[in-house]
Amino acid sequence: MKKTALLTMLSFADPDLRAQIEALPEGTALIGISTTGKAIAVDLDSESPHVLVCTASGGGSTTMLRSLTAQFLHQGAHALVLDPKRIFHLWAKGLPTVTHRGNIAGIHDALLGLATELERRLDLDGNLDTVPRLIVAVDEANATLYRLARYWETFRQKDDPKTSPAIAALEEALWVGRAARVHVIFDGHPQSTVLKGAARELFATVILARFTADTWKVLAPAAGPAPKQRHPQRGHFHVVQHGEVDETQAIQMTDADVVTWLTDPDDPTA
């Protein structure tokens, strides 16, 4: 299929784009538009229980997490937003269906709560029709996991497990998330503990920007050699699904866009 130039901007303020997003079925979120003009989306139910976003600093991963999480919230999901920098996801504070945690103690406790919620949902034996989808958005995951491990060591007792129970809860969410309607959007790199081994295969959608050849080889081996990155500016990603790659311009959704859309969805200026 013939390629065209990527759009330089794909703004949620565009009413046609917003209408396209709002028409998507529950469990599906628009990532952006490819160089072929195709809408690139993630389907949490039939294709990808979890999403991996991997970029170098300034590559737009925070914007991607915000956009995808907001779309699922609009569809009725709840969210746990882990924001270790404390200021990257201020839009999430105060929203009734979002739990925002920034400090490492709060993130630790929230993940312990996630473990309890996973167990509760699995005990329902698939009767989850009235249980809202839960999105776990983890920004700066590598640093977060490192700090969680260090935090656990400060008070771990001799008979306690060596692995942080918070990290174990996140790993469990990756393995059983589809059955529990819990989905992880993970901003991380391949050396992360959670991403080692077969757990990587649970990310059927991988969104990459400003990547190295080694990172591509680890996270997208079925997609062939690393493509040339012709668009270094923020918002341009390579999306890997089913072994295929789409160079994609992502949706730009600001904090104000998200808050207005989620609190007053009838406002046409959201």
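These questions and answers walk through a predicted model.

User: In what order do the 10 strands of the open sheet stand?
Analyst: The pairing in this open sheet is mixed. From one strand to the next, the twist averages 25°. The order is S2-S1-S10-S9-S8-S3-S7-S6-S4-S5.

User: Which strands stand at the edges of the sheet?
Analyst: An edge strand has a single partner strand, so one side of it is left without a neighbour in the sheet. Two strands fit that description: S2 (39–43) and S5 (98–101).

User: Which residue in S2 stands opposite Leu30?
Analyst: Strand S1 covers residues 28–34. It runs antiparallel to S2, and five bridges join the two. Opposite Leu30 in S2 stands Ala41.

User: Is Ser67 buried or exposed?
Analyst: Ser67 belongs to helix H2, residues 61–74. Its relative accessibility is 2%. Buried means under 20%, so Ser67 counts as buried.

User: Which residues is Ser67 in contact with, leaving aside its neighbours within four places in sequence?
Analyst: Ser67 sits in helix H2. With those neighbours set aside, its contacts are Leu30, Ile251 and Met253.

User: Where is Arg156 found, and what is its relative accessibility?
Analyst: Arg156 lies in the loop between helix H4 (141–153) and helix H5 (165–180). It counts as partly exposed because its relative accessibility is 28%.

User: Which backbone oxygen does the side chain of Arg156 reach at 3.5 Å?
Analyst: Leaving aside neighbours within four places in sequence, Arg156 is in contact with Pro161 and Lys162. Its side chain also joins that of Glu153 in a polar contact of 3.2 Å. The backbone oxygen reached at 3.5 Å is that of Asp160.

Terms used. Residues are numbered from 1 along each chain as its sequence is written. This is a predicted model: local features need pLDDT of at least 70, side-chain atom pairs count only at pLDDT 80 or more; totals for chains, interfaces and linings use all residues. Side-chain values use heavy atoms; hydrogens and water are left out. Helices (H or I, at least four residues) and strands (E, at least two) are DSSP runs, numbered from the N terminus. Buried means under 20% relative accessible area, exposed over 50%, partly exposed in between (1.4 Å probe, protein chains only). Contact means heavy atoms within 4.5 Å. Two strands pair if DSSP finds at least two bridges between them. Axes are lines fitted to C-alpha atoms, for helices over the stretch in contact, and angles run from 0 to 180 degrees between N-to-C directions. A polar contact is a pair of N or O atoms within 3.5 Å; within protein, one must be able to donate a hydrogen and the other to accept it, and residues adjacent in sequence count only if both atoms are side-chain atoms.
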